[in-house]
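Here is a friendly briefing to keep beside you while you turn the model around on screen. Have the sequence and the structure open, and take the topics in any order.

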Amino acid sequence: GLIKSSAGRAKFGKAGFGIHMHQARQFGFYSTGWDQLMAIDGGTGNLFVKGAIASRQVYFSAYLDSNARSGAQNPLPMQTVSQNVGNAYDVNTSKFTTPVKGMYLFTMGGCRSEGADWLHWQLMVNGVNANPGGNRGDEAGERAMVSWYWNGNAGSNPSISSYRTIILTLNVGDVVWVQQSGTGRCDNYRSGLEGLLISATF
């Protein structure tokens, strides 16, 4: 039956109302002909839903807007987008601002087309390495980095592709971007950053 619950018994710590059922029973919604649309098991809490559950969609694909983006860039300008569902990526700042708390997947990478020695892209969250951790000082940065190297020999080809995928748990308002360091540049059409909300969390 209908009950009034205290804040101490509630999932979100707020007093309110609810429905109580015995652990040996289930609660459900039905359509015409007793077609069950939804059911909750009183013992396990398992949930059955007949149809699809609509969820918020957030994803983007951003690319280098110019072939002239060489050397140190923070953030690395990516002002061309092919998709920006949820409008969380700002082409003016080249930064993604998290609209909903949850688990996100990011992929950064591209094709280096100019410059000798090392070129690095690093995924940043709120100004720090996106994937901190480890016991060594350089380990935290390398966990969130994609790199290219060319020795500069005339007989070798500087066109090298490299990619890195990172899964992060982000809070609302967290800001994500790519920082570039080293020498050289990447081709604009073949280089960029993609982001996708995998699942929202409370």
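The notes below cover a sheet, one of its residues, a nonpolar core and a pocket. Please keep in mind that this is a predicted model. A good place to begin is the open sheet of three strands, ordered β3-β4-β5. From there you can move on to the largest nonpolar core, which has 29 residues, and to the largest pocket, with a volume of about 270 Å³.

**The three-stranded sheet**

- The strands of this open sheet follow the order β3-β4-β5, and their pairing is antiparallel.
- At the edges you will find β3 (26-31) and β5 (47-49), each of which pairs on one side only.
- From one strand to the next, the twist averages 15 degrees.
- Strand β4 (residues 35-41) is joined to β5 by three bridges, and the two run antiparallel.
- If you would like a residue pair to look for, M38 has V49 in β5 as its bridge partner.

**A closer look at D35**

- D35 belongs to strand β4.
- Is D35 buried, exposed or partly exposed? D35 counts as partly exposed because its relative accessible area is 28%, and partly exposed covers the range between under 20% (buried) and over 50% (exposed).
- Setting aside residues up to four places away in sequence, D35 touches F29, Y30 and K50.
- D35 and K50 are 15 residues apart along the chain, and their C-alpha atoms are separated by 9.3 Å.

**The largest nonpolar core**

- Within this core of 29 residues, those with the most contacts are M78, F96, F106, W121 and L123.
- Two or more residues each come from β6 (59-63), β10 (102-114), β11 (117-125), β13 (145-150), β14 (160-170), β15 (175-182) and β17 (192-200).
- Which element gives the most to this core? That is β11, with four residues.
- F106 is worth selecting on screen: leaving aside neighbours within four places in sequence, its contacts include F60, F96, L123, I166, L168, L170, V176 and L193.
- The contacts of F106 also include R164, T165, E194 and G195.

**The largest pocket**

- The volume of the largest pocket is about 270 Å³.
- Its lining is made up of I3, S5, R9, A10, F17, G18, I19 and H20.
- The elements that give two or more residues to this lining are β1 (2-5) and β2 (16-19).
- β2 supplies the largest share of the lining, three residues.

Definitions and conventions. Residues are numbered from 1 along each chain as its sequence is written. This is a predicted model: local features need pLDDT of at least 70, side-chain atom pairs count only at pLDDT 80 or more; totals for chains, interfaces and linings use all residues. Side-chain values use heavy atoms; hydrogens and water are left out. Two strands pair if DSSP finds at least two bridges between them. Axes are lines fitted to C-alpha atoms, for helices over the stretch in contact, and angles run from 0 to 180 degrees between N-to-C directions. A nonpolar core is a set of buried Ala, Val, Leu, Ile, Met, Phe, Trp, Tyr and Cys residues joined through side-chain atoms within 4.5 Å. Buried means under 20% relative accessible area, exposed over 50%, partly exposed in between (1.4 Å probe, protein chains only). Contact means heavy atoms within 4.5 Å. On a 1 Å grid over the protein atoms alone, a cavity is a set of points where a 1.4 Å probe fits but cannot get out, and a pocket is an open set with protein on both sides within 12 Å along at least five of seven lines; lining residues have an atom within 4 Å of a point. Grid points are joined across faces, edges and corners, and a volume is the space filled by probe spheres set on the points.
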